[in-house]
Amino acid sequence: MHDLFFTGGVFGGTRGARVVPPEKGVFPLDHECELQKKDYLNCLKTSGHQLETCREFSKKYLRCRMEK
């Protein structure tokens, strides 16, 4: 019974294995909605991060991400 816990845990995972994040730009979302993202971030910056002011830009960006 105790061997189960020493050989990778209850679910068979590999304890101590190093997790490596994906490389930057691997996911299509990273590039497909770039214009909408820039418009939204620019609005936030120029409005002093007033979310209500940038709501339409936020909707366009999220809509783009959902479509891709």
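Two residues are in contact here when they have heavy atoms within 4.5 Å. Keep that in mind as you work through this predicted model.

**Exercise 1. Get the overall picture**

Task: Work out how many helices and strands the chain has, and what share of its contacts with a separation of 6 or more comes from residues 24 or more positions apart.

Solution:
- Start with the elements: you should find four helices and zero strands.
- Now read along the sequence, and the pattern comes out as α-α-α-α.
- Next, take the contacts with a separation of 6 or more: residues 24 or more positions apart account for 38% of them.
- Finish with burial: of the 68 residues in the chain, 16% are buried.

**Exercise 2. Two helices side by side**

Task: Describe how helix α3 and helix α4 cross, and decide whether they are roughly parallel or roughly antiparallel.

Solution:
- What do you need for this? Two packed helices are described by the angle between their axes and the distance between the axes.
- Find the helices: α3 covers residues 34-46 and α4 covers residues 55-67.
- Take the distance, then the angle: the axes come within 9 Å and cross at roughly 155 degrees.
- Angles over 145 degrees count as roughly antiparallel, so α3 and α4 are roughly antiparallel to each other.
- Add the handedness: this crossing of α3 and α4 is left-handed.
- Now list who does the touching. From α3 you get Q36, K37, D39, Y40 and C43, and from α4 you get F57, S58, K60, Y61 and C64.
- Sort the residues of this contact by type, and you have five nonpolar, two polar and three charged.

**Exercise 3. A pair of rings**

Task: Find which residues form the aromatic pair, and say whether each partner is buried or exposed.

Solution:
- Searching the whole structure turns up one aromatic pair.
- The partners are Y40 and Y61, with ring centres 6.5 Å apart and 10 degrees between the planes.
- Planes under 30 degrees apart count as stacked, so the Y40 and Y61 pair is stacked.
- Look at where they sit: Y40 is in helix α3 and Y61 is in helix α4, 21 residues apart, so the pair links distant parts of the chain.
- For burial, the cut-off is under 20% relative accessible area. Y40 has 17%, so Y40 is buried. Y61 has 15%, so Y61 is buried too.

**Exercise 4. Neighbours in space**

Task: Work out how far K60 is from Y40, and how far E34 is from Y61, in sequence and in space.

Solution:
- K60 belongs to helix α4. Its relative accessible area is 44%, so K60 is partly exposed.
- K60 and Y40 are 20 residues apart in sequence, and 8.5 Å apart in space from C-alpha to C-alpha.
- E34 belongs to helix α3. Its relative accessible area is 26%, so E34 is partly exposed.
- E34 and Y61 are 27 residues apart in sequence, and 8.7 Å apart in space from C-alpha to C-alpha.

**Exercise 5. A loop residue**

Task: Find where H49 lies, and say whether H49 is buried or exposed.

Solution:
- H49 is in the loop between α3 and α4.
- Check its backbone: phi is positive, about 65 degrees, although H49 is not a glycine.
- Its relative accessibility is 58%, so H49 counts as exposed.

How values were computed. Residues numbered from 1 in each chain as written. Predicted model: local features only at pLDDT ≥ 70, side-chain atom pairs only at ≥ 80, totals over all residues. Heavy atoms only, no water. Axes fitted to C-alpha atoms, helices over the stretch in contact; angles between N-to-C directions. Parallel < 35°, antiparallel > 145°, perpendicular 65-115°, else oblique. Left-handed = near helix turned anticlockwise from the far one by under 90°. Nonpolar A, V, L, I, M, F, W, Y, C, P; charged D, E, K, R; others polar. Phe/Tyr/Trp six-rings, centres within 6.5 Å; stacked < 30°, edge-to-face > 60°. Buried < 20%, exposed > 50% of the residue type's maximum accessible area, 1.4 Å probe, protein only.
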